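Biologist: I would like a close look at one part of this model, the salt bridges and the elements that carry them. Please start with a single residue and work outwards from there.

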Amino acid sequence: MDVFSALLQPVVLISGVGLLILSTTARFGQLEAQVNRLAGTGDNRSGDLMRHLLSRARKFRFALMSLYASAALLAGTTLLGGILSLVSPLAVPLTQVLTCFAVVWIFTALVALLAESRLAIETLEHQAKTD
């Protein structure tokens, strides 16, 4: 693999991570609005629902932190790989290894988002039962 291809991989991935960050942030904003709305009702029956929502919020927080970490790693990988390509033959393998680490962070974020989606369905089912 040549240096250009190795440096292109993180650049391509970072745009996808950016889209994941954008959509996850929007979903988290909706969840935050729902928590604020529920907190303002003062309903005694809302305790279980609030626990579900806060559990979802923790999943979102972990996913966003993982996505931010992967974006930072991909950006740093591209920068470091570009600099090293001028002075060292290690640019390609180092870029590939760091890109793999970033993909692991993306994978952990996606697993957290899958778990959040499952909790979202459970929350909807809980709301349907209490209404």
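What is the relative accessibility of Arg118, and how does Arg118 count by that value?

Modeller: A word of caution comes before the answer: this is a predicted model. Arg118 has a relative accessibility of 47%, so it counts as partly exposed. The reasoning takes two cut-offs: buried means under 20% and exposed means over 50%, with partly exposed in between.

Arg118 has a salt-bridge partner, Glu122, and the closest N and O atoms of this pair are 2.7 Å apart. Both residues belong to helix H3, and the four residues that separate them in sequence amount to about one turn of that helix. Glu122 is also partly exposed, because its relative accessible area is 28%.

Other salt bridges share partners, and these join Arg27, Arg56 and Glu116 into one network. In the whole structure, the search finds four salt bridges.

Take the network one pair at a time. In the pair of Arg27 and Glu116, the closest N and O atoms are 2.2 Å apart. Here the salt bridge links distant parts of the chain, since Arg27 is in helix H1 and Glu116 in helix H3, with their positions 89 residues apart. The two ends differ in cover. Arg27 has a relative accessible area of 32% and is therefore partly exposed. Glu116 has 0% relative accessibility, so Glu116 counts as buried.

Glu116 also forms a salt bridge with Arg56, where the closest N and O atoms are 2.6 Å apart. Because Arg56 lies in helix H2 (residues 47–87) and Glu116 in helix H3, this pair ties together parts that are 60 residues apart in sequence. Both Arg56 and Glu116 are buried.

Next come the helices that carry these residues. Helix H1 covers residues 3–39, and helix H3 covers residues 91–130. The axes of H1 and H3 come within 11 Å of each other and cross at roughly 20°. Such an angle makes H1 roughly parallel to H3, because angles under 35 degrees count as roughly parallel. The crossing of H1 and H3 is left-handed.

For H2 and H3, the axes are 8 Å apart and the packing angle is about 165°. These two helices are therefore roughly antiparallel to each other, as angles over 145 degrees count that way. H2 also passes H3 in a left-handed crossing.

Two leucines in these helices give further reference points. Leu73 is in helix H2, and its relative accessibility of 23% is why it counts as partly exposed. From C-alpha to C-alpha, Leu73 is 9.6 Å from Val103, and the two are 30 residues apart in sequence.

The other one, Leu8, is in helix H1. With 37% relative accessibility, Leu8 counts as partly exposed. Together with Phe4, Val11 and Val12, Leu8 makes a nonpolar surface patch of about 370 Å².

To return to the start: Arg118 is partly exposed and pairs with Glu122, while Glu116 is buried and belongs to the network with Arg27 and Arg56.

Key:
Residues are numbered from 1 along each chain as its sequence is written. This is a predicted model: local features need pLDDT of at least 70, side-chain atom pairs count only at pLDDT 80 or more; totals for chains, interfaces and linings use all residues. Side-chain values use heavy atoms; hydrogens and water are left out. Patches are made of residues with over 30% relative accessible area and no salt bridge: like charges are joined within 9 Å, nonpolar side chains (Val, Leu, Ile, Met, Phe, Trp, Tyr) within 5 Å. Accessible areas come from the Shrake-Rupley method with a 1.4 Å probe; for residues, only the protein chains shown count as cover. A salt bridge is a side-chain nitrogen of Lys or Arg within 4 Å of a carboxyl oxygen of Asp or Glu. Buried means under 20% relative accessible area, exposed over 50%, partly exposed in between (1.4 Å probe, protein chains only). Axes are lines fitted to C-alpha atoms, for helices over the stretch in contact, and angles run from 0 to 180 degrees between N-to-C directions. Angles under 35 degrees count as roughly parallel, over 145 as roughly antiparallel, 65 to 115 as roughly perpendicular and the rest as oblique. A crossing is left-handed if the near helix is turned anticlockwise from the far one by less than a right angle, and right-handed if clockwise.
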